[in-house]
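This report describes a ligand site and the cysteine residues of one protein model. The sequence and structure are shown first.

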Amino acid sequence: MAPHETIAFLRAFLKNPGRTGAIAPSSAVLARAMVRGLHLAPGETVVEFGPGTGAFTGAIRDALAAPGDYVGFEVNPEFVHVLGRRFPELKVIDDSAAQAPAHLAAMGRDSVRAVICGLPFASLPPGVQDDVIDALDRLMRPGSEFRTFQYVHAYWLPPAVRFRRRMLQRVGPCVRIATVWPNLPPAFVLQWKR
Ligand SMILES: C[S@@+](CC[C@H](N)C(=O)[O-])C[C@H]1O[C@@H](n2cnc3c(N)ncnc32)[C@H](O)[C@@H]1O
């Protein structure tokens, strides 16, 4: 990642810490853990929530059967611009993850194989958390999976626990599929399957 993209990330954090949720992009080790073992077939849609400057996007692209299978949702227009430059072959929509079902339906993609998520649930307002969980509930079919990460140090903080509890009610139990120490800060990778 170019230094100006790291600076863009820090600037976004200073401007809107709750929405950005981190001072720096995730590491390549966390990115690999987020997509490990996905085994995607052509035509299987993969959605990314909150790609930021693309820390996971390259790993997702490498796991795709075809670039057209990817749809990203990012609310920060500056990041959407960065993503367009870094990954011109991928479609990124400048809108909230909560609006994903409507966009995907309009694109004729009513079945999603995987949602890879970088949203900072621990620092998003509870209403946004709930809207995104609603969207996930609508997008996930039998065979779909959802992956996100939570920082180790914040795993038992109320917003992180609240998110897992709501997901348990709506989607089911999660599995901690990896612990990534080479990330700032270290993170758990969580997976929900339907
Ligand atoms: C913690 S950063 C993660 C960025 C990247 N995935 C990574 O791991 O480095 C969270 C990203 O989610 C975006 N975001 C926050 N709320 C969002 C929402 N409701 N819909 C889509 N993106 C959102 C932020 O703009 C930011 O780019």
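## Polar contacts of the ligand

A polar contact is a pair of N or O atoms within 3.5 Å; within protein, one must be able to donate a hydrogen and the other to accept it, and residues adjacent in sequence count only if both atoms are side-chain atoms. In the side chain of Glu74, an N or O atom lies 2.6 Å from an oxygen atom of the ligand. Gly50 places a backbone N or O atom 3.0 Å from a ligand nitrogen atom, and a polar backbone atom of Gly52 is 3.5 Å from an oxygen atom of the ligand.

This is a predicted model, in which local features need pLDDT of at least 70 and side-chain atom pairs count only at pLDDT 80 or more, while totals for chains, interfaces and linings use all residues. Residues are numbered from 1 along each chain as its sequence is written, and side-chain values use heavy atoms, with hydrogens and water left out.

## Surroundings of the ligand

There are 22 residues around the ligand, each with a heavy atom within 4 Å of it. Those that come nearest are Thr20, Ser26, Gly50, Glu74 and Ala97.

## Cysteines

The count of disulfides (pairs of cysteine sulfur atoms within 2.5 Å) is zero. The sulfur of Cys117 cannot form such a bond because the closest cysteine sulfur, in Cys174, is 13 Å away.

Cys117 is buried (under 20% relative accessible area, with exposed over 50% and partly exposed in between; 1.4 Å probe, protein chains only), at a relative accessible area of 0%. Cys174 is partly exposed, at 28%.
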